[in-house]
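I opened this one in the viewer and kept short notes as I went. Here is what I looked up, entry by entry.

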Amino acid sequence: FKGVLMEKPSINKMQLPTSMKKVGRSLTCQDRWACLVIKGSFPSVANTYVARLLDSSTSSSLPKSFKPKKLTDMVSRLWEHGGVPKAISRNYVEKARSPRQLKHAFVVGVTDPTGWIPNDHVFVTGMGSNHDHQNFMFVTRCPCMKTQDCRLLKLMRQKPEGMPEQEWAWLQSLTFGAIIFPSTRLPNEVPLPTTIANGDLDGDLYFVCWDSAILSNIKLQHNSNHTPDGGKQLISGDCSSVPQNKHRSMWLFEAQSDMTDFGFLKDLGRLIGSLYNGSVKCANENANDTNAVALGNAYQQSLDLKKHRGQVFLPCHLWDQIPSILHKYLKDE
């Protein structure tokens, strides 16, 4: 099993849904035991500082060592292609190097443990109704290569009608560092994280921004329409966490073999770099250009080849941008 564990009121046991199961039972060990490996805890150190900035009573207690990293060009490029004037985008990138001007963060995505968050809304912990912030949040997930990879989502700022007071109070008590997505309610409903650069909730970090100048200028749909861009279907075969046509334990064995195949890893590095550079080159002219979108999709899916092998879909007229020795990892249908 792999995923994010989150505290939930009124339970004291670990719940492991089937969606967190990545591989099957061991083929060699029949013992009934389990090992819990904790890769990281939340909130991150950086987000504890952001939490202080959001709280006027603690905003003056930041350590001098806290220096925000420069924002990635991926995000600022999306802003500009989404309607934000370059001067405003670049100005925010520069001023956000100062902690006092910081209005973005990378937060972990989790599913709603209460079941009360409305569709197409999110709840960002530590930014409840007591804070004077925007009613919308810019949300994306890196790598983000095209405007379809980002969303403007409504923030749940008030207690939904019928929600128990104690559950609302519990949500309000959570510190900054997580974005809580609504749970799916219909059998064929596409999870909201999937519509954000094919995200999921097994540890993905989501970029959120609440800067008023950015939000007032960006021109994106306010909700997701729950329509994914199909990116996860761009590798031949099933591209879920574990391919369905293979025994789960055999998939793990083959993935381990691939990860020690240095020739394959070298090819993969070249392929990822070629697709990324090609996508950026086209996107600098027009982020919604069909070639930029195709190369961006292929780049995002190439990142999964280390786990799944397969072939990346790329229209054949774009193959000349990729070294011929790497064409064996491509398909055009």
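**Getting oriented.** Before placing anything, I needed to know what a label such as α1 refers to: helices (H or I, at least four residues) and strands (E, at least two) are DSSP runs, numbered from the N terminus. I also reminded myself that this is a predicted model. With that in hand, I placed Leu16 in the segment before α1 (45–54).

**Whole chain.** I looked up the totals next. The protein chain has 9 helices and 8 strands. Of its 333 residues, 42% count as buried. I got about 17900 Å² for the accessible surface of the protein chain, and 51% of that belongs to carbon and sulfur atoms. Then I checked contacts with a separation of 6 or more: 73% of them are between residues 24 or more positions apart.

**A patch on the outside.** Back to Leu16. Is Leu16 buried, exposed or partly exposed? Partly exposed is the right label because its relative accessible area is 41%, and that label covers what lies between under 20% (buried) and over 50% (exposed). I found Leu16 in a nonpolar surface patch with Phe1, Leu5, Met14, Leu36 and Ile38. Together the patch residues have about 650 Å² of accessible area.

**Strand β2.** I went along residues 121–124 and noted where the side chains go. His121 and Phe123 point one way, Val122 and Val124 point the other way, and all are buried. Which strands does β2 pair with? One is β4 (residues 150–155), in the parallel sense, over 2 bridges. There I found His121 opposite Lys154. Another is β5, which runs antiparallel to β2 and is joined to it by 2 bridges. On that side, Phe123 has Ile180 as its bridge partner.

**Aromatic rings.** I counted 11 aromatic pairs. Phe176 and Trp210 make an edge-to-face pair, 5.9 Å centre to centre with 70 degrees between the planes. This pair links distant parts of the chain, 34 residues apart: Phe176 is in the loop between α4 (165–173) and β5 (178–181), and Trp210 is in the loop between β6 (205–209) and α5 (212–217). Both residues are buried.

Phe264 and Tyr329 make a tilted pair, at 6.0 Å centre to centre and 55 degrees between the planes. They are 65 residues apart, with Phe264 in helix α7 (residues 262–283) and Tyr329 in the loop between β7 (312–313) and β8 (330–331). Why does Phe264 count as buried? Because its relative accessibility is 3%, and the cut-off is under 20%. Tyr329 is buried too, with 9%. I also jotted down one aromatic cluster, made of Trp79, Tyr92, Phe106, Phe138 and Phe207.

**Salt bridges.** How many are there? I counted 6. In one of them, the side chains of Arg141 and Asp204 meet at 3.4 Å, N to O. Arg141 is in the loop between β3 (136–140) and β4, and Asp204 is in the loop between β5 and β6, so this salt bridge ties together parts that are 63 residues apart in sequence. I checked both ends for exposure: Arg141 is buried at 15% relative accessible area, and Asp204 is buried at 15%.

Asp149 forms a salt bridge with Lys146, with the closest N and O atoms 3.1 Å apart. Both of these residues are buried.

Asp267 and Lys328 meet in a salt bridge as well, at 3.7 Å, N to O. Asp267 sits in helix α7 and Lys328 in the loop between β7 and β8, so the pair ties together parts 61 residues apart in sequence. Asp267 counts as buried because its relative accessibility is 13%.

**One last residue.** I finished with Ser302, which is in helix α8 (residues 290–302). Is Ser302 buried or exposed? Buried, because its relative accessibility is 0%. Which residues does Ser302 touch, leaving out those up to four places away in sequence? My list has Leu268, Leu271, Ile272, Leu275 and Val312. I also took the distance from Ser302 to Tyr276: 9.8 Å in space, C-alpha to C-alpha, with their positions 26 residues apart in sequence.

Methods
Residues are numbered from 1 along each chain as its sequence is written. This is a predicted model: local features need pLDDT of at least 70, side-chain atom pairs count only at pLDDT 80 or more; totals for chains, interfaces and linings use all residues. Side-chain values use heavy atoms; hydrogens and water are left out. Patches are made of residues with over 30% relative accessible area and no salt bridge: like charges are joined within 9 Å, nonpolar side chains (Val, Leu, Ile, Met, Phe, Trp, Tyr) within 5 Å. Accessible areas come from the Shrake-Rupley method with a 1.4 Å probe; for residues, only the protein chains shown count as cover. A salt bridge is a side-chain nitrogen of Lys or Arg within 4 Å of a carboxyl oxygen of Asp or Glu. Buried means under 20% relative accessible area, exposed over 50%, partly exposed in between (1.4 Å probe, protein chains only). Rings of Phe, Tyr and Trp (its six-membered ring) pair if their centres lie within 6.5 Å; planes under 30 degrees apart count as stacked, over 60 as edge-to-face and the rest as tilted. Two strands pair if DSSP finds at least two bridges between them. Contact means heavy atoms within 4.5 Å.
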